[in-house]
Amino acid sequence: MNCKVGEHAGFCFGANRAVESLEDALKENKPIYTFGPILNNDILVESYRKRGVTVVEDVEEFDKLEKGKIIIRSHGVGRDIYEHLLATGFEIFDATCPFVKRIHRIVEKQSQLGDKIVVVGNPNHPEVMGIVGWADGDAYVVEKEEDIDKLNFEKSNKITLVSQTTFNRNKFQELVEIFEKRSYNIDVMNTICDATRVRQEEADALSKEADVMIVIGDKKSSNSRKLYDICKANCDQTFFIQTLEDIKGRLNVVSNLVGITAGASTPKYIIEEVQKYVRNDF
Ligand code: F3S
């Protein structure tokens with residue numbers, strides 16, 4: 001069957017870098033740990049667990065573990081955790097995405113200069129928790145208009161406003177406009193990463209062209225779910241799968257073109273397996 005895979009399907013630059021650093025670490029003969037799951041993909045995490053990688057969720061746990069190498073994932077961590085990790089005496093590879101690292105530097109510097117820090121994003125997302133953790137003093141997370149209502153800044157306060165890298169650009173702009181309407185003294189740093197937008201635009205175009213779409217991603221991954229919604233709106237025959245097994249036997253339609261896209265945490269080998277199946281075996 002004729003099929004087309006989105007050029008930007010799957011890992012973004014930061015995810016790719018984190019996984020490559022883990023692959024490199026596995027070549028060394030020492031215990032390997034990731035601080036939190038390397039990516040939001042159970043299959044990938046499980047495959048690394050089988051290869052000896054241990055996921056550690058709490059810094060205190062390292063006290064009881066054999067010395068080895070810790071990989072900090074692309075979401076990054078706050079300063080306290082970073083310093084705690086350094087103090088373990090373990091070898092550290094910091095795979096924080098450089099785009100996230102840039103936000104850490106902005107937040108650290110501007111908070112030291114006395115600015116109020118506002119992070120636009122989901123307060124429970126590890127990237128946002130990490131960003132907040134680089135502020136000297138408090139940082140405030142805003143996800144919707146009501147969160148702005150709760151801020152009691154003086155109009156004279158200078159506010160540095162940054163965003164979670166994957167936050168929706170339009171929603172970000174709406175929130176910035178609310179700050180402006182309320183005459184807050186804000187300095188807006190646009191720290192949204194384009195990887196998500198580019199992947200979504202590509203999926204949108206591909207799903208208009210294809211008569212069957214396959215979206216590959218972890219069910220828990222919100223960016224994969226979003227890709228599914230975009231594709232489903234254009235193409236009724238859209239399948240949301242995690243692995244090749246999920247699509248076998250379900251493609252019982254005649255199609256001119258099957259489009260394939262994948263969320264940011266979907267490993268390349270799964271995309272290739274699905275592509276090969278659609279092209280050759282189906
Ligand atoms: Fe980095 Fe953007 Fe991916 S910030 S981790 S390249 S989504």
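These are my notebook entries on the ligand site, the nonpolar cores and one helix residue of this structure.

**Entry 1: the model.** I am working from a predicted model.

**Entry 2: the ligand.** I first looked up which residues are around the ligand. I found C12, G14, C97, F99, T165 and C193. I then sorted this shell by class. Four residues are nonpolar and two are polar. No charged residue is in the shell. I also checked which pocket the ligand takes up. The ligand fills space that belongs to the largest pocket.

**Entry 3: the largest core.** I turned to the nonpolar cores. The largest one has 18 residues. Those with the most contacts inside this core are I214, I216, I247, L251, I260, V274 and V278. I asked which elements each supply at least two of its residues. They are the strands β10 (212-216), β11 (238-241) and β12 (258-262), along with helix α10 (268-281). The largest share is from α10, with five residues.

**Entry 4: V278.** I picked V278 from the list of residues with the most contacts inside the core. I left aside neighbours within four places in sequence. V278 is then in contact with M1, C3, I214, L251, V258 and I260.

**Entry 5: the second core.** I noted a second core, separate from that one, with 17 residues. Among them are L161, F167, F172 and F179.

**Entry 6: S21.** I looked up S21 last. S21 lies in helix α1, residues 13-26. Is S21 buried or exposed? Its relative accessibility is 7%. Buried means under 20%, so S21 counts as buried. Not counting residues up to four places away in sequence, S21 touches I71, F93 and A95.

How values were computed
Residues are numbered from 1 along each chain as its sequence is written. This is a predicted model: local features need pLDDT of at least 70, side-chain atom pairs count only at pLDDT 80 or more; totals for chains, interfaces and linings use all residues. Side-chain values use heavy atoms; hydrogens and water are left out. A residue is near a molecule or strand if one of its heavy atoms lies within 4 Å of it. On a 1 Å grid over the protein atoms alone, a cavity is a set of points where a 1.4 Å probe fits but cannot get out, and a pocket is an open set with protein on both sides within 12 Å along at least five of seven lines; lining residues have an atom within 4 Å of a point. A molecule sits in a cavity or pocket if more than half of its atoms lie within 2 Å of its grid points. Ala, Val, Leu, Ile, Met, Phe, Trp, Tyr, Cys and Pro count as nonpolar, Asp, Glu, Lys and Arg as charged, and the others, Gly among them, as polar. A nonpolar core is a set of buried Ala, Val, Leu, Ile, Met, Phe, Trp, Tyr and Cys residues joined through side-chain atoms within 4.5 Å. Buried means under 20% relative accessible area, exposed over 50%, partly exposed in between (1.4 Å probe, protein chains only). Helices (H or I, at least four residues) and strands (E, at least two) are DSSP runs, numbered from the N terminus. Contact means heavy atoms within 4.5 Å.
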